[in-house]
Amino acid sequence: MYDELQNIQAKLKNKLTEKRYVHTLGVQYTSAALAMRYKISIFDASLAGLLHDCAKNYSDDELIKRCLKHNIKVSDVEKRNGFLLHAKLGAYYAKSKYGVENEEVISAIRYHTTGKPGMSTLEAIVFTADYIEPSRKPLSNLDDIRSMAFVDLDEAVYQILDNTLNYLGDKAVTDNKGREIDNHTVEAYNYYKKLHDNKFNRKE
């Protein structure tokens with residue numbers, strides 16, 4: 001089983017930039033650590049973490065082209081922000097190129113960037129690991145989120161989504177690029193904010 005992970009690591013090392021490969025290993029190992037904490041399959045978490053960015057090293061135009069080639073639905077927002085498609089294409093490649101059959105692993109790869117409402121534990125782990133893995137540059141509240149991830153996964157997801165929306169909003173103002181936010185991210189934020197607010201209200 002773990003030979004499979006080593007084989008995939010070797011393939012990815014030849015496909016990804018050195019920086020992306022280091023990040024990928026960080027997400028793999030962080031996902032495995034969170035899987036131990038939340039008592040789900042360490043292998044599934046490692047596999048999803050390892051493959052989450054397997055389609056990352058393409059330009060926006062190439063991502064759109066490859067998705068259309070494989071009949072992967074591309075929304076209007078994704079056409080204008082092609083980088084969002086690496087998760088969809090990565091989920092497709094995980095199945096078609098790397099032989100992954102576990103649909104929950106596929107889904108964790110699919111939603112690792114945007115999140116979605118009511119994520120499974122595996123989906124939430126990979127989403128969180130992508131944000132907190134050790135090689136990530138310092139981000140707002142990162143140390144707190146790293147600690148929270150091992151205490152309350154839903155709360156960590158909420159904090160990540162809150163940071164993400166604030167960051168994208170600030171970038172739209174400061175760099176004038178009018179960056180758009182995927183609907184899944186907004187829906188995920190609203191879902192996890194309700195969980196956060198309910199916990200806060202109960203403590204009050």
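Start by selecting D143 and R146: the two form a salt bridge whose closest N and O atoms are 3.9 Å apart. Keep in mind as you go that this is a predicted model. Now show the cartoon around them. Both residues belong to helix α9 (residues 142-149), and because they are 3 residues apart there, about one helical turn separates them. Colour by accessibility and the two ends of the bridge come out in separate classes: D143 counts as exposed at 56% relative accessibility, while R146 counts as partly exposed at 24%.

**Next stop: K199 and D152**

Select K199 and D152, whose side chains meet in another salt bridge, at 2.9 Å from N to O. K199 is in helix α11 and D152 is in the loop between α9 and α10, so this pair ties together parts that lie 47 residues apart in sequence. D152 is partly exposed, with a relative accessible area of 21%; the cut-off for buried is under 20%.

**Then K95 and E103**

Move on to K95 and E103, where the side chains meet in a salt bridge of 2.7 Å, N to O. What is the exposure of K95? It is partly exposed, at 42% relative accessible area. Its partner E103 is partly exposed as well, at 47%. If you would like to hunt for others, the structure holds 9 salt bridges.

**Rings to look at**

The structure also holds 4 aromatic pairs. For one of them, select Y92 and Y93: this pair is tilted, with 5.9 Å centre to centre and 55 degrees between the planes. Y92 counts as partly exposed at 31% relative accessibility, whereas Y93 counts as buried at 3%.

Now jump to Y158 and Y189, a stacked pair at 5.9 Å centre to centre, with 25 degrees between the planes. Y158 sits in helix α10 and Y189 in helix α11 (residues 183-203), so the pair ties together parts 31 residues apart in sequence. Check the surface here too: Y158 counts as buried at 10% relative accessibility, and Y189 counts as buried at 15%.

**Charges over rings**

Go back to Y93 and add K97 to the selection. The charged end of K97 sits over the ring of Y93, 4.9 Å from its centre. Y93, then, takes part in the tilted pair with Y92 and also has this charge over its ring.

For a similar view, select R110 and Y111. Here the charged end of R110 sits over the ring of Y111, at 4.4 Å from the ring centre.

**Last stop: the largest pocket**

Finish by turning on a pocket surface. The largest pocket holds about 1300 Å³ of space. To find it, select K56, T113, D130, R136 and Y167, which lie nearest its centre among the 33 lining residues. Which elements give two or more residues to the lining of this pocket? They are α2 (18-38), α8 (121-132) and α10 (153-174). Of these, α10 supplies the largest share, 6 residues. This is the helix you visited earlier, since Y158 lies in α10.

Finally, colour the lining of the pocket by residue class. You should count 12 nonpolar, 10 polar and 11 charged residues.

How values were computed
Residues numbered from 1 in each chain as written. Predicted model: local features only at pLDDT ≥ 70, side-chain atom pairs only at ≥ 80, totals over all residues. Heavy atoms only, no water. 1 Å grid on protein atoms, 1.4 Å probe; cavity = no way out; pocket = protein on both sides within 12 Å on 5 of 7 lines; lining within 4 Å. Points joined across faces, edges and corners; volume = space filled by probe spheres on them. Helix = DSSP H or I, 4+ residues; strand = E, 2+ residues; numbered from the N terminus. Nonpolar A, V, L, I, M, F, W, Y, C, P; charged D, E, K, R; others polar. Phe/Tyr/Trp six-rings, centres within 6.5 Å; stacked < 30°, edge-to-face > 60°. Buried < 20%, exposed > 50% of the residue type's maximum accessible area, 1.4 Å probe, protein only. Lys NZ or Arg CZ within 6 Å of the ring centre and 35° of its normal. Salt bridge = Lys/Arg side-chain N within 4 Å of Asp/Glu carboxyl O.
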